[in-house]
Amino acid sequence: MNGEMLSNNPKKSCNAGPRLLADIGGTNARFALEINSHEFNAIAVLPCNAYPDLQSAIAAYLSSPEVLAVCQSPVKNAAIAIANPVDSDVVRMTNHHWTFSIESLRQAAGFDNLVVVNDFTALAMALPHLAANERVQIGGGHAQPNRAIGLIGPGTGLGVSGIIPSGGHWVALSSEGGHVSFSPSSELEIAILREVWKEYPHASAERLISGMGLELMYRILAQMDKQADTEAMNAADITRRALDGSCAICTRTVDYFCAMLGTIAGNLAMTLGATGGVYIGGGIVPRLGEFFTQSAFRQRFEAKGRFADYLAQIPTYLITAEYPAFLGVSAILNERLSFSDSADI
C-alpha cells in the first residue's frame with residue numbers, strides 16, 4: 001500500500017519557520033528548505049550511499065553552509081517523500097539499505113512534526129500546484145475543474161496514482177496500478193506478450209512499461225529479428241541510442257514503449273473518470289523530449305473504440321518541473337499541520 005504517516009509532538013504543532021522537504025530515492029536524497037510558500041531554497045542532492053542512514057543525511061544537509069546561510073531559526077517541521085510503501089511507523093527501503101522508525105527519526109532530528117509519504121502520493125499532490133511552465137500538454141483536450149486527475153510514471157518501475165477532489169481539498173489515491181495485467185493492442189504486442197510469458201507467469205504493465213521493461217522488450221525484439229549477436233544494453237543506453245538514431249532496434253523499442261504507455265494511461269483515465277487530465281511523470285519520459293511528443297502515445301491514449309471521443313476530451317500532460325515532489329510534500333505537510341492545529345483548539 002502506498003500510504004503516509006505523520007509523527008508529531010502533541011504539545012507543539014506550530015507551522016511557522018523554515019521547513020525541511022525531502023525526496024528520497026534508492027540512489028539520491030534530494031533536500032530543500034521551504035521558508036516561504038512554494039519557495040525552495042538550498043536545494044541539494046546527496047548520494048544515499050554516502051550516509052549510513054537517513055538521519056545522518058538529514059543532519060549533514062541541515063548543517064551545510066548553504067542551509068545555515070538562509071536558515072535563521074531551527075527547523076521544526078519536515079516532510080519526506082520516499083520511493084517505498086509507507087504503511088507503518090517502520091520504513092524499510094526496497095532499493096536501498098536504509099531502515100528507520102518515523103517517530104524515532106522525528107525525535108532524533110528534533111522535529112515537532114514529521115510527515116513521511118510514498119513518492120507517488122507526493123507527486124500526485126503536486127499536480128494542482130504545477131505552474132504552466134512546469135508541464136507540457138501532449139495532444140488535445142481540456143481539463144475540467146474539480147474532477148479526478150490521473151498520474152502515471154515509468155521509471156525503475158511503473159508508478160500509478162491520482163487525486164480526487166473532496167470538500168475543497170485533494171485526496172491522493174494509494175494505488176498499485178503498475179501491476180495490472182499488460183494489455184496488448186496489436187499482433188506484434190501479442191507476440192511480445194507470448195515471449196514475456198515464457199519468463200514470467202504474470203505479465204504486468206510494469207514488466208514492459210518501465211526501465212526494466214525497455215531492456216526486456218529490446219531483448220525480445222532483437223530475438224524476433226534473429227539478431228542473436230545484439231549487445232546487451234541498459235535502459236539509459238537504449239533511450240540514448242533511440243534518440244540519436246544509431247540503433248534501429250532501440251528506436252523500435254522506445255516507439256512501442258511510448259505506444260504501450262498510451263494504452264495504459266488511457267485505461268487509467270477511463271477507470272478514474274480522470275476528466276481533470278492525466279499527468280506523466282517518472283524518470284524516463286521527460287528525457288525523451290520531441291521523440292515522445294511525436295510518438296503514438298496520444299493516438300493510443302484515445303484508441304478506445306466507442307469511447308474515443310471521451311478520451312479525446314481528456315488532456316495529457318508531461319511533468320517538466322525539476323523537483324515536483326517538493327510541491328507535493330509541502331501541500332501534504334500544510335494539510336497535516338492545519339489538521340493538528342485545529343485538533344488542538
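**Close-up 1. Leu261 and the residues it touches.** Skip the neighbours within four places in sequence, and Leu261 is still in contact with Ile152, Pro154, Ile209, Ile280, Val285, Phe292 and Phe297. Keep in mind that this is a predicted model. Which residues have the most contacts inside the largest nonpolar core? They are Ile152 and Leu261, in a core of 48 residues. Helix α9 gives the most to this core, with 11 residues. Another core lies apart from it; this one has 29 residues, among them Val91, Phe100, Leu114 and Val116.

**Close-up 2. The largest cavity and its lining.** Here's a bit of background: rolling a probe the size of a water molecule over the atoms shows where empty space is left. How many cavities of 30 Å³ or more turn up in a search of the whole structure? There is one, and the space in the largest cavity comes to about 40 Å³. Look around its edge and you'll find Phe182, Ser183, Ala205, Ile209, Met260, Thr263, Ile264 and Asn267. Sorted by type, the lining has five nonpolar residues, three polar ones and no charged ones. Helix α9, which covers residues 248-272, gives the most to this lining, with four residues. Ile209 is worth spotting twice: it is part of the cavity lining, and it is also in contact with Leu261.

**Close-up 3. The second largest pocket.** This pocket has a volume of about 180 Å³. Its lining is made of 13 residues, and the closest to the centre are Val160, Ser175, Gly177, Leu268 and Thr271. Which elements give two or more residues to the lining? Those are β11 (158-166) and, once again, α9. The largest share, five residues, comes from α9. As for residue types, seven in the lining are nonpolar, six are polar and none are charged.

**Close-up 4. Strand β14 and its two partners.** Strand β14 takes in residues 316-319, and both of its faces are covered. Thr316 and Leu318 sit on one side, Tyr317 and Ile319 on the other, and all of them are buried. Now for the partners. Strand β9 (residues 135-138) runs antiparallel to β14, and four bridges join the two. Strand β13 (residues 278-280) pairs with β14 in the parallel sense, over three bridges. Try finding Tyr317: Gln137 stands opposite this tyrosine, and Tyr317 is also the bridge partner of Tyr279.

**Close-up 5. Strand β8, tucked inside.** How many of the six residues of strand β8 (residues 113-118) are buried? The count is six of the six, so β8 is largely enclosed by the rest of the structure. Strand β5 (residues 77-82) pairs with β8 in the parallel sense, with six bridges between them. One pair to look for is Ala79 with its bridge partner in β8, Val115.

**Close-up 6. Cys48 in its loop.** Cys48 is found in the loop between β4 (39-47) and α1 (54-62). Is Cys48 buried or exposed? Its relative accessibility is 1%, and buried means under 20%, so Cys48 counts as buried. Leave out residues up to four places away in sequence, and Cys48 touches Gly25, Gly26, Thr27, Asn28, Ala29, His96 and Trp98. Take Thr27 from that list: Cys48 and Thr27 are 21 residues apart along the chain, and their C-alpha atoms are separated by 5.6 Å.

Conventions: Residues numbered from 1 in each chain as written. Predicted model: local features only at pLDDT ≥ 70, side-chain atom pairs only at ≥ 80, totals over all residues. Heavy atoms only, no water. 1 Å grid on protein atoms, 1.4 Å probe; cavity = no way out; pocket = protein on both sides within 12 Å on 5 of 7 lines; lining within 4 Å. Points joined across faces, edges and corners; volume = space filled by probe spheres on them. Nonpolar A, V, L, I, M, F, W, Y, C, P; charged D, E, K, R; others polar. Core = buried A, V, L, I, M, F, W, Y, C linked by side-chain atoms within 4.5 Å. Buried < 20%, exposed > 50% of the residue type's maximum accessible area, 1.4 Å probe, protein only. Contact = heavy atoms within 4.5 Å. Pairing = 2+ DSSP bridges.
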